[in-house]
Amino acid sequence: MEGCLKGDRRSQERLFTMFYGKMLAVSMRYINERDSAQEVLQVSFLKVFDKLEHFDFSGSLEGWIRRIVSNTAIDHLRKAKNNPFLSDQDNDFKSMASDPMLEEELRETTQLKAKIAQEAISRLSPAYRTVFNLYVLEERSHKEIAALLGISEGTSKSNLAKAKMNLQRLLKDEFILIEKQ
C-alpha cells in the first residue's frame with residue numbers, strides 16, 4: 001500500500017495482480033465481451049491508484065476496489081451508443097452441455113450450477129443484468145441504483161423483477177436440457 005501511494009510501479013503491479021482475477025469477474029458481470037471487460041478493469045485500476053490516498057481503511061480494500069470496478073463498468077455501459085438501462089430486450093440463452101466426472105460429483109455439480117447461473121445472468125439484457133448485479137450481488141438499494149443509473153426507482157424495481165423472471169425461465173430451460181441429456 002505504501003509503495004502504491006508513492007507511485008511505485010512494482011507495488012502497483014503487485015496490487016493489480018493480487019486482485020486481477022476477482023475484479024475481472026466483477027467487470028464481466030456487467031460486460032459480456034472479455035476485451036471490453038479487461039479495458040474497464042484497466043481503467044478501474046487507474047482510478048484505484050489515483051484515489052488510493054482517499055481509502056480510509058474502515059472497510060476492506062477488496063470491497064473498495066470492487067465498488068470502483070462496478071462503477072467503472074456502469075460508466076462504460078452508460079457511454080455505449082444505446083441506453084441499455086431502458087431496454088427490455090433479452091439475449092438468447094445458449095445451452096451449455098456439461099459432462100461432469102462421476103468422482104467428485106457433488107463438487108462438480110455445484111460448480112456446474114454456478115456456471116449455469118453465471119451464464120444465465122450474462123444472457124440478461126444489459127439493463128436487467130446491471131440492476132440485478134447491483135441489487136443482488138452489490139447489495140445496493142433501489143434508491144442507490146436509480147441515482148447511479150439515472151433511472152427511476154420504479155424502473156429499477158421493474159428491471160429487477162423482470163430479471164428474476166427471465167432468470168427463472170432461463171434456468172428452468174437449462175435444467176430441462178441437462179435432464180434430457
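In the predicted model, the side chains of Glu138 and Arg29 are joined by a salt bridge, with an N to O distance of 3.3 Å. Glu138 belongs to the loop between helix 6 (126-137) and helix 7, whereas Arg29 belongs to helix 2 (residues 9-30), so the pair ties together parts of the chain that are 109 residues apart in sequence. The two partners also fall into separate accessibility classes. Glu138 has a relative accessible area of 14% and is therefore buried, while Arg29, at 26% relative accessibility, is counted as partly exposed. In general terms, side chains of opposite charge can pair when their charged atoms come close.

The count of salt bridges in the model comes to five. One of them links the side chains of Arg66 and Glu62, with 2.8 Å from N to O. Both residues lie in helix 4, four residues apart, and are thus separated by about one helical turn. Arg66 is partly exposed, with a relative accessible area of 25%, and Glu62 is likewise counted as partly exposed, at 21% relative accessibility.

A further salt bridge is formed by Glu119 with Arg123, for which the closest N and O atoms are 2.3 Å apart. Glu119 has a relative accessible area of 19%, which places this residue under the 20% limit for buried residues. Arg123 is buried as well, with a relative accessible area of 17%. Shared partners also give rise to a network of salt bridges, in which Lys22, Glu62 and Arg66 are joined.

The loop that holds Glu138 was examined further. Glu139 also lies in the loop between helix 6 and helix 7. Although Glu139 is not a glycine, its phi is positive, at about 55 degrees. Glu139 counts as exposed, with 67% relative accessibility, whereas Glu138 in the loop between these helices is buried, at 14%.

The packing of helix 7 (residues 142-149) was then considered together with that of helix 4 (residues 61-78). The axes of these two helices are 11 Å apart and meet at an angle of about 50 degrees. This angle makes helix 4 oblique to helix 7. Helix 4 contributes Asn71, Ile74 and Arg78 to the contact, and helix 7 contributes Ala147, Leu148 and Leu149. By residue class, the contact consists of four nonpolar residues, one polar residue and one charged residue.

Helix 4 also includes Leu61. Leu61 is buried, with a relative accessible area of 17%. When residues up to four places away in sequence are not counted, Leu61 touches Met1, Leu15, Phe19, Leu52 and Phe55. One of these partners, Phe19, is 42 residues from Leu61 in sequence. In space, the C-alpha atoms of Leu61 and Phe19 are 9.9 Å apart.

Helix 2, which holds Arg29 of the salt bridge with Glu138, also contains Ser27. Ser27 is buried, with a relative accessible area of 0%, in contrast to the partly exposed Arg29. Apart from neighbours within four places in sequence, Ser27 is in contact with Ala37, Val40, Leu41 and Val69. One of these partners, Val69, falls within the residue range of helix 4 (residues 61-78).

These local features belong to a chain whose secondary structure comprises eight helices and zero strands. The order of elements from the N terminus is accordingly α-α-α-α-α-α-α-α. The protein chain has 181 residues, of which 39% count as buried. Among contacts between residues at least 6 apart in sequence, 69% join residues at least 24 apart. The accessible surface of the protein chain amounts to about 11,200 Å². Carbon and sulfur atoms account for 51% of this surface.

Methods: Residues are numbered from 1 along each chain as its sequence is written. This is a predicted model: local features need pLDDT of at least 70, side-chain atom pairs count only at pLDDT 80 or more; totals for chains, interfaces and linings use all residues. Side-chain values use heavy atoms; hydrogens and water are left out. Axes are lines fitted to C-alpha atoms, for helices over the stretch in contact, and angles run from 0 to 180 degrees between N-to-C directions. Angles under 35 degrees count as roughly parallel, over 145 as roughly antiparallel, 65 to 115 as roughly perpendicular and the rest as oblique. Contact means heavy atoms within 4.5 Å. Ala, Val, Leu, Ile, Met, Phe, Trp, Tyr, Cys and Pro count as nonpolar, Asp, Glu, Lys and Arg as charged, and the others, Gly among them, as polar. A salt bridge is a side-chain nitrogen of Lys or Arg within 4 Å of a carboxyl oxygen of Asp or Glu. Buried means under 20% relative accessible area, exposed over 50%, partly exposed in between (1.4 Å probe, protein chains only). Accessible areas come from the Shrake-Rupley method with a 1.4 Å probe; for residues, only the protein chains shown count as cover.
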